[in-house]
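Q: I have a structure in front of me and would like to learn how to read it, one feature after another. Could we begin with charged side chains that pair?

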Amino acid sequence: MPILEVNDLQAGYGPITALHGVSFDVEEGELVAIIGANGAGKTTLLMAISGIVPALSGAVLYRRRSITGLAAHVIMRQGIGHCPEGRRIFSRLTVQENLELGGFTQRDRWQLRRDIAEACELFPVLGTRMTQVAGTLSGGEQQMLAVARALVGRPKVLLLDEPSLGLAPLVVRQMFDVVGSLTARGITIVLVEQNARAALALAARAWVLEAGRVTLAGTGKELAADPRVRAAYLGE
Amino acid sequence: MGTVWGWVSDRWEVVVLAVLAVAPLVIPALGGALGGQVTTLFIYCILALGLNVMVGYTGLLHLGIAAFFGIGAYVLAILTVPTFPFQIGWLAAAAVSIAVTAGIGLALGAPTLRLRGDYLAIVTLGFGEVAKVTLRNLEQVTGGMKGLNPVPPPGAGVTVAGTDLGLAFAVDPRWFYYLTLASLAGVVWAMRRLENSRLGRAWVAVREDELAASAMGISATRVKLSAFAMSSAVAALAGCLYAASLSTTADPNAYDFNRSILVLCAVILGGLGSIPGTLLGVAILVGFDTVLAPWADSLIQQLNINPSGSSLLSFSGWRLAIFGIALVLVMRYRPEGLIPSRRLAAELHGDQR
């Protein structure tokens, strides 16, 4: 039984429809990837799942129950975390304050402390920067903070939007290592990436999005070997 | 020396409070007109701390805080003046007034929450004007330009050790001095607690990035509404103290746009989102207006420098010009305010903490 199911989802902004009926599903503990070019609708898809952008039609089911049309903060509280595109960290607040806000729904202070410590284990550099103002972190550290902040909210499903965007190659590797390790912690991952090679290597299954529609689907391996994917997204 | 200064700056509230609490015992002038002026200053401090919840913490530009100040004063007056049958006693009336004004804040906030920045500012500005005109024209209830009076002093009819508390307030301005000082201390304490509470963090998160805040499970709508309500409630408390200290609501023009702007300027001058900054901003701007300017005018009169009464030679005549220049200078050289909140300073100067 899939933990998250997206059925024929349409969404957009005002008169512009960005998603024209997208369907996919994720099993519990699975890592799936959505790949595609700029403007294909990947970010809109995640935002429509997490309730930031309203769905025009179609449905999002979480554990078989519809969460379509719920407010973003309600969806988050049900267990769907969203690490949005462009990091969106609170740049004037300290690293510590950012992480505490990530655990806003956690009322048990001790549990929150443990969750923050756990997130910092994944990105040890954050632990050394707790009192630093987040806007003064390097780009890689800011991205780590964004992911760590989302993890402090203890999501069952984590929507990850371009965690490798704009990072140095070495940091990209580190980021993908962490993302790949999250499923071992029982977190289901929906990974949106332009870095198709790395995403497909991690993903059990993947979907290719083009102009708001799914054009290809398969296991990560199948897609990585598919000539159309190789030509369009792997630069071969 | 360093450690002494550290102790003081960590507990500045306690030190300032202690000094202000002792002041009337050593400065006899505080038992006279000066006491009334300082009382007014304290009331504006409370009002500014209320505005700071919206403008400073939550980042919502509010240009109509004076309306809530006025509504607080009028609701208190309606419940206490002899022309109405209620006369429920000051404390109960203040509690009702605060609750009613917070409710009005919610009622204004609910339909306007989708608006951001300039648009919200225009709505609050409009509400301020509507409220003022309504207070003026609803003569049967508000007394029109005459206002409502006499508002009895707090504790009227309550006898402690053979003295009527109300009478004590009426006779000695130091009673009001201490009442408003205690209220201000309470509000500062509450604001401190709020800054470090879940709600306070949520206000800041929504100010910084609404989308990210909602991804953290924070309901931006509820958080903004609570800021509206809190701001209005604190403004109402200031209004209750104001009406009581004047023993009248004064005429509705006392709660006009200028008043809102004065308080907003004080918050910006002192430092958005900063409690000591807000208090300093009020001390400078309102202190200038209510204490320094009248004093300088009377001095000019005494020295007979200005026998023709020309406004060019009176201190008050230059008041707005001096305000304007001071604000421009502060914004140019210290845009984060005189005592900035740590966060704003970090952004504007890129410092690390």
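A: A salt bridge is counted when a side-chain nitrogen of Lys or Arg lies within 4 Å of a carboxyl oxygen of Asp or Glu. Side chains of opposite charge can pair when their charged atoms come close. In this structure the side chains of R205(A) and D25(A) meet in such a salt bridge, with 3.0 Å from N to O. R205(A) lies in strand 9 (residues 205-210) of chain A and D25(A) in strand 2 (residues 16-27) of chain A, so the pair ties together parts that are 180 residues apart in sequence. Helices (H or I, at least four residues) and strands (E, at least two) are DSSP runs, numbered from the N terminus.

Q: What kind of model is this, and how are its residues and chains labelled?

A: This is a predicted model, in which local features need pLDDT of at least 70 and side-chain atom pairs count only at pLDDT 80 or more, while totals for chains, interfaces and linings use all residues. Residues are numbered from 1 along each chain as its sequence is written, chains are lettered from A and ligands numbered from 1 in the order in which they are written, and side-chain values use heavy atoms, with hydrogens and water left out.

Q: How many salt bridges are there over all chains?

A: By this rule the count comes to 16 over all chains, and three of these salt bridges are found across the interface of chain A and chain B. The side chains of R92(A) and E208(B), for instance, meet in a salt bridge at 3.6 Å, N to O.

Q: How should I read the interface of chain A and chain B as a whole, and which residues supply area to it?

A: Buried area is the accessible area (1.4 Å probe) that two parts lose on being put together, summed over both. Chain A and chain B bury about 2,500 Å² between them, and 57% of that is on carbon and sulfur atoms. F90(A), R92(A) and F104(A) supply 30% of the area that chain A buries against chain B, more than any other three residues. Counted by contact, which means heavy atoms within 4.5 Å, 26 residues of chain A meet 27 residues of chain B.

Q: Where are the domains of chain A, and how do they meet?

A: Domain bounds come from an automatic or database domain assignment, and here chain A is divided into domain 1 (1-79 + 158-167 + 176-236) and domain 2 (83-154). Their C-alpha centres lie 23 Å apart, and the contact takes 17 residues from domain 1 of chain A and 17 residues from domain 2 of chain A. The two domains of chain A bury about 1,300 Å² between them, 65% of it on carbon and sulfur atoms. Across this interface of domain 1 and domain 2 of chain A the rule finds one salt bridge.

Q: Which residues meet where helix 5 of chain B and helix 6 of chain B come together?

A: I104(B), L108(B) and T112(B) in helix 5 of chain B meet L120(B), V123(B) and F127(B) in helix 6 of chain B. Of these contact residues five are nonpolar, one is polar and none is charged, where Ala, Val, Leu, Ile, Met, Phe, Trp, Tyr, Cys and Pro count as nonpolar, Asp, Glu, Lys and Arg as charged, and the others, Gly among them, as polar.

Q: Where does P150(B) lie, and what joins N149(B) to P150(B)?

A: A cis peptide bond joins N149(B) and P150(B), with omega about 0°, and P150(B) lies in the loop between helix 7 (139-142) and strand 1 (159-160) of chain B.
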